[in-house]
Amino acid sequence: YYYIYERIVFLLHFIFSFLFIYYIISIRTSPLLYLLKGIRNNIMEYSHIINDNHIINQSKKEESESNSIAIMADIHANYYCLEKALENIKTRGIQTILFLGDYITDGFENNKVLDVIKKYEYVIAGNRELSITNYDGHSWNNLSQFKNMLYTYHTIHKENMDYMKSLPSYKLITLNGKKICLSHGTPFHNREIVNANSFDIFDKLISAFQCDIYLFAHTHEAFYTTYKNKIFINPGSIILPADGPTSKYGILNLQNMQYNQISMQYDFTILRNYYLNSDYFKQNPEWCNLLIHTNEAGIDYVCGFIHFVEEKAKKEHIDIHHNIPNHLWHIAFLEFMKINGLHIYQ
């Protein structure tokens, strides 16, 4: 609207300026002259009001952006989607980003993702970072279920391994006078499942930490809720969503405490080929198929498959307490894909 008002004011200003000069030359002392001068002065005053309002609105927008933080989690070595999210955040003028873990595994650009993440101040470890940094170096060998994890373990650069080891499992920070608790699962357990109705967990957190805002990840399902005048948020996942096929992160304004859930559509053809054309796919074809279909459908086929294997092992009285036998893994994969009507990419 500002542009339209500006054009109208310019046009009227031109017309009345022309008439003003004309009457000075031809009439000089006509009553109409004074009327035209009054109208012209009112237009000039109105143009200043419009301009001042534009400046005020722009200032409010900048102030709002300066009070906002972005919240991001579960990137899983997908640099393509991370880059898109960061570009989106940049267009909003937001400088502060809080990262809630699981930057690696289930993908092949682990180092590129970590090289970006470690430039930021507010970063914690997820369960995947803890799994890789605590790996004993031999117990996953020759097991199909751990090919994905071994790919990450063997390709992570030493400086990034050291960086992950330095990350806390949770962090308490204060921004704009608001005390915030960052965790992947919860501060009590890195893999703990939290959803919008986890009131018992909320009570424990409030009692233990007395924060204004509590942030979670891990489930790949976004939620925002308030409870006992506290805010509880899971921003969703950048990739491998379990709540619909979009890449998600959150924005919280720390001044008015308004929350905005951001969902970004990705080009599935590009994303699918991103995996299929990688060396990671060649080494982990079964797992990578599950990732591709999870991204396309926004349904957690990864956890669905693990549950399917566990049920199959139970029915066939196969002990999988320590690991899943390779033959069971491969047979279960083919059955799972067929039952769910999922194409097997090769």
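This report describes salt bridges and the surroundings of one phenylalanine in a predicted model.

## Salt bridges across the chain

The predicted structure contains 8 salt bridges, and three of these pairings are described here together with the burial of their residues. In one of them, the side chains of Arg128 and Asp106 come together with an N to O distance of 3.0 Å. This pair links distant parts of the chain, since Arg128 belongs to helix H5 (residues 127-133), whereas Asp106 sits in the loop between strand S2 (96-99) and helix H4 (110-117), the two residues being 22 residues apart. Both partners, Arg128 and Asp106, are buried.

Another salt bridge joins Lys228 to Asp203, with 2.9 Å between the closest N and O atoms. Because Lys228 is placed in the loop between strand S7 (223-227) and strand S8 (230-234), while Asp203 is part of helix H8 (residues 199-209), this pair ties together parts that are 25 residues apart in sequence. Lys228 has a relative accessible area of 51% and is therefore classed as exposed, the limit for that class being over 50%. Asp203, for its part, has a relative accessibility of 28%, so this residue counts as partly exposed.

## A network around Lys312

Glu316 and Lys312 also form a salt bridge, in which the closest N and O atoms lie 2.8 Å apart. With a relative accessibility of 41%, Glu316 counts as partly exposed, whereas Lys312, with a relative accessible area of 13%, is buried, the limit for burial being under 20%. The pair belongs to a wider arrangement, in that salt bridges with shared partners join Lys312, Glu316 and Glu335 into one network.

## The setting of Phe188

Phe188 is located in the loop between strand S5 (178-183) and helix H8, the helix that also carries Asp203. The relative accessibility of Phe188 is 43%, so this aromatic residue counts as partly exposed.

When neighbours within four places in sequence are left aside, Phe188 is in contact with Lys204, Leu205, Ala208 and Phe209. These partners can be read alongside the extent of helix H8, which is given as residues 199-209. As for another part of the chain, the C-alpha atom of Phe188 is separated by 9.3 Å from that of Ser169, a residue 19 residues apart from Phe188 along the chain.

Methods. Residues are numbered from 1 along each chain as its sequence is written. This is a predicted model: local features need pLDDT of at least 70, side-chain atom pairs count only at pLDDT 80 or more; totals for chains, interfaces and linings use all residues. Side-chain values use heavy atoms; hydrogens and water are left out. A salt bridge is a side-chain nitrogen of Lys or Arg within 4 Å of a carboxyl oxygen of Asp or Glu. Helices (H or I, at least four residues) and strands (E, at least two) are DSSP runs, numbered from the N terminus. Buried means under 20% relative accessible area, exposed over 50%, partly exposed in between (1.4 Å probe, protein chains only). Contact means heavy atoms within 4.5 Å.
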